[in-house]
Amino acid sequence: MSERVRNTGPGNRATGPGKGERVADWADGRLGVHTLAKTQMRKVFPDHWSFMFGEICLYSFLILILTGVWLTLFFEPSAAEVEYNGSYEPLKGVLMTRAFESTVDISMEVRGGLLIRQIHHWAALVFVAGMLVHMMRVFFTGAFRKPREINWLFGWTLLMLGLITGLTGYSLPDDLLSGTGIRFAQGAILSIPVVGTYISFFLFGGEFPGHDIIPRLFAVHVLLLPGIMLGLVVAHLILVFYHKHTQFAGPGRTERNVVGAPFLPIYIAKAGGFFFLVFGVLAMMGAIATINPVWALGPYRPDLVGTGAQPDWYLGFSEGLIRVMPSWEINAWGHTLELGVFIPFALFPLIMAAIAVYPFIEKWVTKDRREHHIADRPRNAPTRTGLGVAWLTLYGVLMVGGGNDLWATHFHLSINAITWFVRVAFFVAPPLAFVVTRRICLGLQRRDREKVLHGRESGTIKRLPHGEYIEVHQPLSQAERYRLTAHEQPRPHEVGPLVDANGVARKVPRSERLRARLSHAMYGPGSQVPKPTAEEYRQVHSGEGHH
Ligand code: HEM
Ligand code: HEM
């Protein structure tokens, strides 16, 4: 016992450094980890429930890698045709690709195979959902502002790569549903003017479906995209560390400090626990909720399409774009331009790109070059919040379009009526959502103002001696009043007088006028309720002192 203590302990003057210390010294001399750990491990992270979404992305991504590597041990990305002879009776004697057969084998023969497959698929759905919610959290709190614009772009790239990784994974098992997905993608590629056919032949190694696409998608799915994503995730997290996390306004919190718990030991314990929680929930979903039962769908055949064929949820909006688009087609000089497919195909990246460039547009409008480490409350940026909700509404409307068949069968509606509803809602719903959201934000700002000036409604009604009824208001704490009034209320940008002092017309570039107009939309009188001033507060609370 005493031997062990002597060898592994910190050591003393008589015995010199302990073994553990020597190993640590050796490693530190080569990696410099001590200095790194000393500066980084005590890094402080602020706490808020919405900061958990980034962690959900991270953990589901790790779970995808773990389960994905396991799946590669059994999955065979081969389009070679085989006759099924496994244990699942209904498929006996059916011709299929080896890819499909190996997926059925993973589900039926490999011990725990179905569970891992299902965890992988559920994790993919949660991963993309996590990214969308995390992105919207960052958007609504303005956490993309300087210095985090590049990290916003890293994140956005992760989202795009996540969508493609999901699509390539979904296509691997070569069941009827995934084959339909590949066919859909090929149709979209074919619609590209001039080069569409060439690209399709290049990707598929000849006519659709061919023998090459599954092995190619496999390499892309298990190696190329996860590799790039892993690198980007590391870069993303290094930047989160480097910039420090944003925090919500509160007493003692400034643009120059971070108030929260240290990474080690508090955050690492919380994060570790949360990882297992996410893993546990995904394992439970994988265990109890069937997802992609490929054996019931059967192998892919180019001449068949199953009813109710749907992509995974996150691609529902691209499906919607295609389904609701009128089938416009132009035939000229012996060529066909398939606008009914090409326009939606081109709109898809544009809708996504709008979100990528937003921070730069906002910066151009506000001309704000300062760093921002205090997160906005969404209500205090009504125009931005309105735009975010409008974007989400568009996404939602298109998802309804993508599932038009399911809406029709489940709610006994006409599919044409749904298609027309989506066509109209595509143009009407986002602006409507924008206006309604802005009004709600302004209403909430007004409520904050009331609360600061008059306190919180207590629900207690009092009758005064002269007969008047009043509701007793409880004053807010000083900390709460600070929280509700800490935000800035910038003035909109003005173009200034259009004639100079000598009465000569001043040239104002069109871009400047546009900027001033947008700036008014963001910060004009209709976009923010003036927050109470100290003078107003004093007036309300001087003398009469009650509600
Ligand atoms: C694989 C996907 C992703 C992972 C693993 C990930 C992970 C994280 C984590 C753990 C944080 C710190 C905690 C938090 O704020 O939630 C964070 C912050 C951040 N993420 Fe992501 N993220 C991903 C995707 C995205 C996307 C899609 C965007 C935006 C388009 C984005 C933009 C940001 C920004 C700007 C921050 C800094 C936020 C702040 O300081 O308030 N991330 N990310
Ligand atoms: C970013 C992350 C990833 C996403 C979104 C994703 C998504 C998917 C999806 C939706 C499927 C279809 C599952 C099914 O059969 O129902 C799939 C299959 C597959 N994935 Fe992934 N995956 C990811 C990462 C990985 C990684 C890192 C690997 C391996 C290193 C991997 C290996 C596989 C394999 C071998 C299959 C085919 C087996 C099967 O379908 O059961 N995946 N993936």
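This is a short conversation about reading a predicted protein model with two ligands.

Visitor: What should I know before I start?

Guide: The model is predicted, so to speak of local features we need pLDDT of at least 70, and side-chain atom pairs count only at pLDDT 80 or more, while totals for chains, interfaces and linings use all residues. Residues are numbered from 1 along each chain as its sequence is written, and chains are lettered from A and ligands numbered from 1 in the order in which they are written.

Visitor: How many helices and strands does the protein have?

Guide: Both are DSSP runs numbered from the N terminus: helices are H or I with at least four residues, strands E with at least two. Here you get 20 helices and twelve strands.

Visitor: Which residues come nearest to ligand 1?

Guide: A residue is near a molecule if its C-beta atom, placed from the backbone, lies within 6 Å of it. Ligand 1 has 25 residues around it, with G54, C57, A143, G155 and T246 nearest. Helices α4 (52-72), α6 (113-140), α7 (149-171) and α10 (213-243) each put at least two residues into that shell.

Visitor: And which residues are closest to ligand 2?

Guide: G68, A124, G169, P226 and N292, out of 27 that surround ligand 2. At least two shell residues each come from α4, α5 (98-108), α6, α7 and α10. The biggest giver is α4, with seven residues.

Visitor: How do α4 and α6 pack?

Guide: Fit axes to C-alpha atoms over the stretch in contact, then take the angle between N-to-C directions, from 0 to 180 degrees. Under 35 degrees is roughly parallel, over 145 roughly antiparallel, 65 to 115 roughly perpendicular and the rest oblique. For α4 and α6 the angle is about 155° and the axes are 8 Å apart, so the two are roughly antiparallel.

Visitor: Is W156 buried or exposed?

Guide: Count other C-beta atoms, placed from the backbone, within 10 Å of the residue's own: 20 or more is buried, 12 or fewer exposed, and in between partly exposed. W156 has 21 C-beta neighbours inside 10 Å, so W156 is buried. Across the protein, buried residues make up 30% of the 547 residues.

Visitor: Where does W156 lie, and which residues does W156 contact beyond its neighbours within four places in sequence?

Guide: W156 sits in helix α7. Two residues are in contact if their C-beta atoms, placed from the backbone, lie within 7 Å. With those sequence neighbours left aside, W156 touches I355 and A356 in that sense.
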